[in-house]
Amino acid sequence: MKTLVLVEHDNAKLSDATLPVVTAAGKLGEVHLLVAGHNCGAVAEAAAKIAGVAKVLVADDAAYAHGLAENVAPLVAQLMGDYDAFLAPATTSGKNIAPRVAAQLDVMQISEILSVEGPKTFTRPIYAGNAIATVESSDPKLVITVRGTAFEKAAAEGGSAPIEAVTGPGDAGTSSFVGSEIAKSERPELTSAKVIVSGGRALKDAETFAAVITPLADKLGAAIGASRAAVDAGYVPNDYQVGQTGKIVAPEVYFAIGISGAIQHLAGMKDSKVIIAINKDEDAPIFQVADIGLVADLYQAVPELTAAL
Amino acid sequence: MKILVPVKRVIDYNVKPRVKADGSGVDLANVKMSMNPFDEIAVEEAIRLKEKGKASEIVAVSIGPAKAQETLRTALAMGADRAILVQTPDEVGAEVEPLAVAKILKAIADEEQPGLIILGKQSISDDSNQTGQMLAALMGRPQGTFANTVEVEGDHVIVKREVDGGLQTVKLALPAIVTTDLRLNEPRYASLPNIMKAKQKPLATKTPADYGVDITPRLTTLKVSEPPVRQAGIKVADVAELVEKVKALGIA
Ligand SMILES: Cc1cc2nc3c(=O)[nH]c(=O)nc-3n(C[C@H](O)[C@H](O)[C@H](O)COP(=O)(O)OP(=O)(O)OC[C@H]3O[C@@H](n4cnc5c(N)ncnc54)[C@H](O)[C@@H]3O)c2cc1C
Ligand SMILES: Nc1ncnc2c1ncn2[C@@H]1O[C@H](COP(=O)(O)O)[C@@H](O)[C@H]1O
């Protein structure tokens, strides 16, 4: 089987989100990567170094600069003449593009796979991860998004794949990029961080969240996450949301502070190695999944903890 | 401009789903069902666009069993003008796949010619996150997925999208497809008088065959199982003990 993997990048840097997808694709067959972007040569070079990659295709065109699905999906669909499977990370960009490719190929997408059970058989979470379905595809080609936390990352170094330029249909002329608000942060990224400190509704407002959660995260070199309630209330930006409909994380250590543990939140973090919960309600559902729980007022406990570390 | 809003009947988000003992699926018998929460946000957005004078009519569509009528009545009670039920066989667990849903919606859009189609980003049952993107592909139209704000201006729509790093704004030519994210709006509750009024609003019933769409699934579910259960751990007595445990983890 020949597989094509969509590389996630910002035209300058290859994102780590690509690496588990390479691993998943490797379980199906030969792995080729697609870098669709503009002035993205550095990304193609980084992609060629990933271990286990047989070839890198580069589509360098202004139409692909911002990853617009209207432009990228037809490019992928055209390339899929030579491939049996298309895999993308289950990131917001992968989720935006892959179903559009699937519909163009008239196949059902298999979303957020957790494992490869056979050439056409996969497991995937449904109902916020409260059930795991094993599904088999009857389509001639596969379109798959891959949950990053479910597969080991392929080694970023060690490969030396050839790079080949490809062209696609270019600009579909129906959409354009207007702008973005992407916060630059020195912190580790949420989905790849070893330690995450998350705060919930109990943090009151943006200032309080920053005053209580940030110092602990700084001490631990951790990423900062949040519950939906904290995001909705504007304590932190939307991309901090961990959960069924936010980011899926599985760090070494996850701190849930003032978070009750709704199933939608658990769906995003229950595969963390160690879960530490601080909540004043001893019956909060978060304690049913926490390895270490502390029943306490977070406004006393967290500053004390931060000071002692 | 007409707005089409597909709404799906799913397990209520407050219910904890249980896997059936025989591994054939999730037990939906006698379980509270509701409109998919993202679709409530979609209906609300359509109503707000109508209230702003940007839209003239809102048509809600559901593909599902006869009971999906209830979901459509909820959309009508919130403020949709009329509804279309595309009825599928009633057996429990017979879920129509996103590709087939998208094909049915495409056929309805061909008939209705909406300027905007607003879907949820994801149904909380199958967690597919596909239908809107597939519909956009089948129609050859642009998509504003995971919308945080939507502004219709003349012949295009500006959509601010919730993406992994923050927000991205795109400009799409109409007709366009939008999928909602959680921060787009806070859906209203239907008032009692509006629930009564909704009973009089038109609701057409069709079948997938009326649109020439084959809903045979492409994916076969071989089994559905419980995820590994996490055992509750220990409770520490105080911060001092927590500090010890955290230090033992080697992260501080
Ligand atoms: C369609 C849909 C999708 C959703 N997706 C997500 C998602 O992806 N991620 C997500 O997180 N949620 C999601 N939710 C929301 C979810 O259902 C919960 O509402 C949310 O997770 C609750 O956030 P919380 O735990 O911060 O708030 P609450 O449930 O209000 O909990 C606050 C907790 O703080 C504790 N507390 C209060 N004061 C203190 C104090 N001084 N010290 C210590 N503890 C204190 C309380 O005991 C309580 O347990 C979704 C909901 C829907 C309907
Ligand atoms: N059976 C259905 N009937 C109506 N709308 C649907 C149906 N299935 C999916 N949708 C729409 O597509 C969105 C995304 O669903 P999904 O791709 O299944 O995650 C939902 O939020 C609905 O707006």
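Student: Helix 3 of chain A, residues 69–79: how many of its eleven residues are buried?
Tutor: Ten of them, so to speak of coverage, the helix is mostly covered. Keep in mind that this is a predicted model.

Student: Which ones are buried in that helix?
Tutor: The buried residues of helix 3 in chain A are A69(A), E70(A), N71(A), V72(A), A73(A), P74(A), L75(A), V76(A), A77(A) and L79(A).

Student: Staying in chain A, where does Q244(A) lie?
Tutor: Q244(A) is in a loop of chain A, with helix 6 (228–232) on one side and strand 14 (253–257) on the other.

Student: Why does Q244(A) count as buried?
Tutor: Because its relative accessibility is 10%, and buried means under 20%.

Student: What does the side chain of Q244(A) make a polar contact with?
Tutor: With the side chain of D127(B), at 2.9 Å.

Student: Over to chain B, then. How many helices and strands does the secondary structure of chain B come to?
Tutor: Chain B has six helices and 13 strands. Its C-alpha trace spans about 65 × 45 × 40 Å along the principal axes.

Student: And what share of the residues of chain B count as buried?
Tutor: 54% of the 252 residues.

Student: Now ligand 2. How many residues surround ligand 2, and which are the closest?
Tutor: There are 19 around ligand 2, and the closest are D39(B), I63(B), S123(B), N129(B) and T131(B).

Student: How do the residues of that shell divide into nonpolar, polar and charged?
Tutor: The shell around ligand 2 has seven nonpolar, nine polar and three charged residues.

Student: Which element of chain B gives the most to the shell around ligand 2?
Tutor: Strand 4 of chain B, with three residues. Strand 4 (57–64), helix 3 (98–112) and strand 6 (116–120) of chain B each supply at least two shell residues.

Student: What about polar atoms: how many Å is an oxygen atom of ligand 2 from an N or O atom in the side chain of S123(B)?
Tutor: The distance to the S123(B) side chain is 2.7 Å. For the side chain of T131(B), an oxygen atom of ligand 2 is likewise 2.7 Å from an N or O atom. On the backbone side, a polar atom of S128(B) is 3.4 Å from an oxygen atom of ligand 2.

Student: How much of ligand 2 does the protein bury?
Tutor: Taken alone, ligand 2 exposes 480 Å², and the protein buries 99% of that.

Student: What is the space taken by ligand 2?
Tutor: That space is the largest cavity.

Definitions and conventions
Residues are numbered from 1 along each chain as its sequence is written. Chains are lettered from A and ligands numbered from 1 in the order in which they are written. This is a predicted model: local features need pLDDT of at least 70, side-chain atom pairs count only at pLDDT 80 or more; totals for chains, interfaces and linings use all residues. Side-chain values use heavy atoms; hydrogens and water are left out. A residue is near a molecule or strand if one of its heavy atoms lies within 4 Å of it. A polar contact is a pair of N or O atoms within 3.5 Å; within protein, one must be able to donate a hydrogen and the other to accept it, and residues adjacent in sequence count only if both atoms are side-chain atoms. Accessible areas come from the Shrake-Rupley method with a 1.4 Å probe; for residues, only the protein chains shown count as cover. On a 1 Å grid over the protein atoms alone, a cavity is a set of points where a 1.4 Å probe fits but cannot get out, and a pocket is an open set with protein on both sides within 12 Å along at least five of seven lines; lining residues have an atom within 4 Å of a point. A molecule sits in a cavity or pocket if more than half of its atoms lie within 2 Å of its grid points. Helices (H or I, at least four residues) and strands (E, at least two) are DSSP runs, numbered from the N terminus. Ala, Val, Leu, Ile, Met, Phe, Trp, Tyr, Cys and Pro count as nonpolar, Asp, Glu, Lys and Arg as charged, and the others, Gly among them, as polar. Buried means under 20% relative accessible area, exposed over 50%, partly exposed in between (1.4 Å probe, protein chains only).
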